[in-house]
Amino acid sequence: MHRTWPAWGLLWLLGIGGCPGQTAATPPGDPDAAHDAGQSGDRDAGQSGDRDAGQSGDRDAGQSGDRDAGRDAAADTGVDSGTDSGADAGPEAGPPFAPTAATSLAADGRLALSSNVPARTDGCPESLGEVCADADGDDLVDAWEEMALELLRPRLRLDEGEDLLGDPAAVVAAIGHIYPTSLAPLEVRALIVIGYSRDYGSCLGISAHNGDTERVALRLVALTAPGDVVVSAAFTAAHDGAPLDHNRLLAGDELQEMEFVDGESGPRWLVYASEDKHASYVSVADCEFSDIPCFDEDCSPDGVADPSAFELLPPVVNAGEPAAPLVEDLAALGFAGEDAWLDQPFCGGRTRGGICAGSVRKKLTTDPFAEP
Ligand SMILES: [Ca+2]
Ligand SMILES: [Ca+2]
Ligand SMILES: [Ca+2]
Ligand SMILES: [Ca+2]
């Protein structure tokens, strides 16, 4: 925006003036906002119904349907609209099994996930039929993987100066890779790439480029029930490997730095995306650590009437495994020409050529929790 906006754009950025037809108050999740349909809607905040109408069907079946709505509907009606169990429940057999999941905070404040679907395929009873499917062959039940990604992916809080809010073509969507590193005891990685159609650059647009791949990750360990896990470590990437690398790997007491907001299925992780660059931070303090001009970062909406209007919950797909992908083409997410597993630069579905972001594949396959 810095490069192309006329003076009123800068005034808007500075909070001085309005932007014709686009205002900073337009919530990124508002379905009426001009974002690509179905790409950056807020699916947590009561807008699931809107997304259900024609959105879920656009994506790969079973991968990224509106799980919140699907689970809610399942809970309310006994009809599983998210993951078809495929069980031949006759009229006398009662309602079909409805996969459900919810989050909570453990006594020590760590984020936990509980589900009536076991995480491991070898713990999934035959009676659940297709619910136990493992199409990506990683020994985790795909329905569990999908619910885990849906409920554990973070809600993003944006800065009041975030340029994507004024970009009608902006797309934000997440791609997840969730897999076990150990089955007994169960330990799981959830690597979540947050794709943005554009990095708007810092310092009046310097370093702007099409495509932006940022990420967060969680390490999950088993609780007692076969579908339950708790976060044992969290990772937020900020300028990964660059001079201003501010990656964080939180474990132990540091996990208490994680922030949460209310979601429809329990607390949801809140991550701060830095203004225009979209680096991920666990807190404002973690983000705004520098005062050096053009190297400092801003996170969180300051001086606005409704901070929640600056949050969004990107849709997520389970990309499956490198050897058994569930999703490859990311066009349905709004990223035409992009692929989850090809080793190619990510240009956010925009013009290729020139500088783009690092590949989704690399960020889906580099384990931040691996021992060096
Ligand atoms: Ca699986
Ligand atoms: Ca998987
Ligand atoms: Ca970036
Ligand atoms: Ca701010």
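What follows is an exchange between a biologist and a modeller about how terms apply to this predicted model.

Biologist: What makes up the protein in terms of helices and strands, and how much of it is buried?

Modeller: The protein has six helices and 15 strands. Of its 372 residues, 50% are buried. Among contacts with a separation of 6 or more, 58% are between residues 24 or more positions apart.

Biologist: Why is Leu250 called buried?

Modeller: Leu250 has 20 C-beta neighbours inside 10 Å. The cut-off for buried is 20 or more, so Leu250 counts as buried. The residue is found in strand β8, residues 248-251.

Biologist: Which residues does Leu250 touch, leaving aside its neighbours within four places in sequence?

Modeller: Leu250 is in contact with Ala233, Ala234, Leu255, Glu257, Met258 and Val282, with those sequence neighbours left aside. A contact needs C-beta atoms within 7 Å. A separate value concerns C-alpha atoms: those of Leu250 and Leu218 are separated by 9.5 Å, and the two residues are 32 apart along the chain.

Biologist: Is His278 buried or exposed, and what is the reason?

Modeller: His278 has 25 C-beta neighbours inside 10 Å. Set against the cut-off of 20 or more, that count makes His278 buried. The residue lies in the loop between β10 and β11 (280-281). Its phi is near 70 degrees, a positive value in a residue other than glycine.

Biologist: Why is Asp139 called partly exposed?

Modeller: Asp139 has 14 other C-beta atoms within 10 Å. Exposed means 12 or fewer and buried means 20 or more; the count of 14 falls in between, so Asp139 is partly exposed. Asp139 is placed in the loop between β2 (111-115) and α4. Asp139 also has a positive phi, near 70 degrees, and is not a glycine.

Biologist: Why is helix α4 described as largely enclosed by the rest of the structure?

Modeller: Helix α4 covers residues 142-152, and eleven of the eleven are buried, so the helix is largely enclosed by the rest of the structure. The buried residues include Asp142, Trp144, Glu145, Glu146 and Glu150, as well as Ala148, Leu149, Leu151 and Leu152.

Biologist: Which residues touch the most other members of the largest nonpolar core?

Modeller: That core has 86 residues, and Ala148, Ile175, Ala190 and Ile192 touch the most other members. Strand β5 (residues 186-199) supplies the largest share of the core, eight residues. Ile175 touches Val193, Gly195, Val317, Ala319, Leu330, Ala340, Val360 and Leu364, with residues up to four places away in sequence not counted.

Biologist: How do you know that β9 and β10 pair?

Modeller: Strands count as paired with at least two bridges. Strand β9 (residues 259-263) and strand β10 (residues 266-273) have five, in the antiparallel sense, so the pairing holds. Gly263 stands opposite Gly266 in β10. Two residues form the hairpin connection from β9 to β10.

Biologist: What makes β1 and β2 a pair?

Modeller: Strand β1 (residues 101-105) and β2 are antiparallel over five bridges; at least two are needed, so they pair. Thr103 stands opposite Leu113 in β2. Their hairpin has five residues between the strands, and in it Gly109 takes a positive phi near 90 degrees.

Biologist: What omega value goes with the cis peptide bond between Ala184 and Pro185?

Modeller: Omega of that bond is about 0 degrees. Pro185 sits in the loop between β4 (172-183) and β5.

Note on methods
Residues numbered from 1 in each chain as written. Chains lettered and ligands numbered in written order. Predicted model: local features only at pLDDT ≥ 70, side-chain atom pairs only at ≥ 80, totals over all residues. Helix = DSSP H or I, 4+ residues; strand = E, 2+ residues; numbered from the N terminus. Core = buried A, V, L, I, M, F, W, Y, C linked by C-beta atoms within 7 Å. Contact = placed C-beta atoms within 7 Å.
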